[in-house]
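Visitor: Could you take me for a close look at the nonpolar core here, and at the chain around it?

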Amino acid sequence: MRLLEGILVLEFAQFMAGPSAGLKLADLGARVIKIERPNTGEAGRQIALKNLFLDDSSLVFHTVNRNKDSYAANLKDPEDLERVKKLITQADVMTHNFRPGVMEKIGLDYDVVRNINPKLVYATVTGYGTTGPWAKKPGQDLLIQSMSGFANLTGNKNDDPVPVGAAVSDIITGTHLAHGILASLLKKEKTGKGSLVEVSLLESTLDFQFEVITTYLNDGNQNPQRAKQGSAHAYLGAPYGVYKTADGYISIAMGSLLKLGEVLGCSELSIYKDSDSWFTKRDEIMDILRAFLCDRPTDEWLEILEADGIWCSNVYDYKTLLNHEGFKVLQMDQKLSLLSGEEVHTLRGPIRVNDERLFSKKPAPRVGQHTEDIIKEFNL
Amino acid sequence: MKPLEDILIIDLSQFLSAPSATLRLADLGARVIKVERPETGDICRQLYVSNVILNGESSVFRAINRNKESFQADLKNNTDVQRVLKLVEQADVLVHNFRPGVIERLGFDYETIKKINPTIVYGDISGYGNEGPWKSKPGQDLLVQSLSGLTWLNGIEGNGPTPVGLAIVDILSGAHLVQGILAALVQRAKTGKGSKVSVNMLESILDFQFESITTFYHDGGEPTVRPKSNSAHAYLGAPYGVYQTTNGYLALAMGSIPVLGELLGCEPLTHYKEIASWFTKRDEIKKTLADHLATDTTEKWLSILEPADIWCASIMNWDTLFSKEGFKVLNMVQKVKMGDGFEYETTRCPIKIDGEYLTSSVGSPALGEHTEAIINELIS
């Protein structure tokens, strides 16, 4: 029995943040029903990476919406809305990411819904919260990375701001949404009462930076300075970074620079006896290391450094990683069959329960694929 | 009432991954007792960033461990072990992030613990799981980023691997652990059963890349190619990226190239009528766009694009962001106070429940600050 068996989640949310939370809940055992507009379904079905589509929806949609059902409803149609309300009375959780005001217009805002189901956990994602000048601004991942200061942390000193090339704000926000939902479900078990859970992309992306923002708040507001080259963390001193070798790259994490110098046989590092200088003279130290490490292949360096317990690693791309025994042994892959006969090759969720991996064969649904069955099952 | 009030967590973990999880649980209302070794405590106390020392210890430790109590114990000393086991007997949750094998030697493995507390929720984080060639490798953020393929998603082609300048793997692993622990607490509330929840850092950062890895599985395993300039995503077409203006930077998310061309008065862009070309010809499109945007200010471009509902934003640093009304209304910064009266500022929990922020004025504990009180209350 999965941890969340018996929990019913209605997902009105679209795109990535809300649906990524729904996916985690589904993998943990909840039943997640997407409420989608008829025919076109949720807008995320059309957002594609590399123009890849399967069975008329983007591969991205299939990735984040597997293990869910789909119920088609036009929320502007009174009959459809009535059915959805009946479904809500039987649900434990509903999620949405409409902009502030939209659910009020439809008539499914928290004040309405709590009256028809006082035990419901009602969870929302916004871009910037529900008040203030940005409340109606589009909450999109790259925009949030840009506005939150996050784009200034990655890359080298003279680079432009470097956003992370994945939907980091969406995904972080989705994890927080799941936290709020799950904590509220626990409270519901104890008190019988539902809750309103609210997260926003901006707050979540600020929380994601809590270590460095706390440092900024207490160091006289110094802005982050990225290292000149091979930067891996604006706030950490040498050797923390990535270095070119004779045949690739090596990354080296924190540790004593003096010990590193000895293990490598790089005598130039021995003058940096004061550990403060590992941060203040980071660029010149990293220059020395870079010049030294480029002479030999990565594997030779790893062998030397790992033998002495230095924290270091090869730098892999997908092809190397995904064919490596260290990846295969995780059994992260799963393949899902679509109604069209096509197959989706994707990953399972990252949480193991009682030493078991949580696989699910259920693919993302077609728009409205389960409408008829759900009407019968829930007596709508 | 906070949702996790009356939940007791014994936290044997250190650094960031699992401690970030117990911080979230603490903010949700749980009582977290951090068990720390004598003299040094959590190694993170001495893990400085930017050489910033806050009341004698690192700002990072102060950020991660606020709202927790510290209980000093040597897990190799029998008296201390018996004390900690007494705490574990009464706990709802136990958390650790020792490497595979170590916890068994200490006698705090799940099989042992569940005999003294059968309904406990037991959460652990490892680097790479407990099987395979990497199981004994240090689970450190940069090293896991490097192996996971993540460093090839950020920055521009030709720039070498570009790690995310934040402990993204630690934070995501912690977030996944919280999800598993909370789901297990929900199940326990219903059935009375305890569980073991495990996450590892590698699976967590692979899960984070589920979109691009699934894409890799479906695009014939093509190498990940980042844009030559103005990069924000290796798998998305133009205009998605960051562009320099005469006085700063502008981020542009997905949008129609010909529409942008017309709005911005950049005629050459109006010729890219075929949507697929925005990806296949993204380098030349971005070059044209970058040359055009470099001719005027960020504000000028925003004043044209925002009214037209184009997804765009100015790139901000924290100085700028924190001065904006849209940030101020979020009340994201809170002041916390340590046992000795020292006060510092940090961010609050990003989740809002029933219209209330989850704040706490409790700062991080001094090593062993609560040992006596806890012995009196829960042990003797």
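Guide: Happily; we start with the core and then step back to chain B. This is a predicted model, in which local features need pLDDT of at least 70 and side-chain atom pairs count only at pLDDT 80 or more, while totals for chains, interfaces and linings use all residues. Residues are numbered from 1 along each chain as its sequence is written, chains are lettered from A in the order in which they are written, and side-chain values use heavy atoms, without hydrogens and water.

A nonpolar core is a set of buried Ala, Val, Leu, Ile, Met, Phe, Trp, Tyr and Cys residues joined through side-chain atoms within 4.5 Å, where buried means under 20% relative accessible area (1.4 Å probe, protein chains only). The largest one has 147 residues, and B:I168 and B:F208 touch the most other members. Helix α7 of chain B, residues 168-191, gives this core its largest share, 12 residues; helices are DSSP runs of H or I with at least four residues, and strands are E runs of at least two, numbered from the N terminus.

Beyond its neighbours within four places in sequence, B:I168 is in contact with A:V168, A:F208, B:D141, B:Q145, B:L150, B:I205 and B:F208, contact being heavy atoms within 4.5 Å. Another core lies apart, with 27 residues, including A:F12 and A:I374.

Stepping back, chain B holds 16 helices and 15 strands, and 63% of its 380 residues are buried. Its C-alpha trace spans about 80 × 50 × 45 Å along the principal axes. Among contacts in chain B with a separation of 6 or more, 67% join residues 24 or more positions apart.

Methods. Buried means under 20% relative accessible area, exposed over 50%, partly exposed in between (1.4 Å probe, protein chains only).
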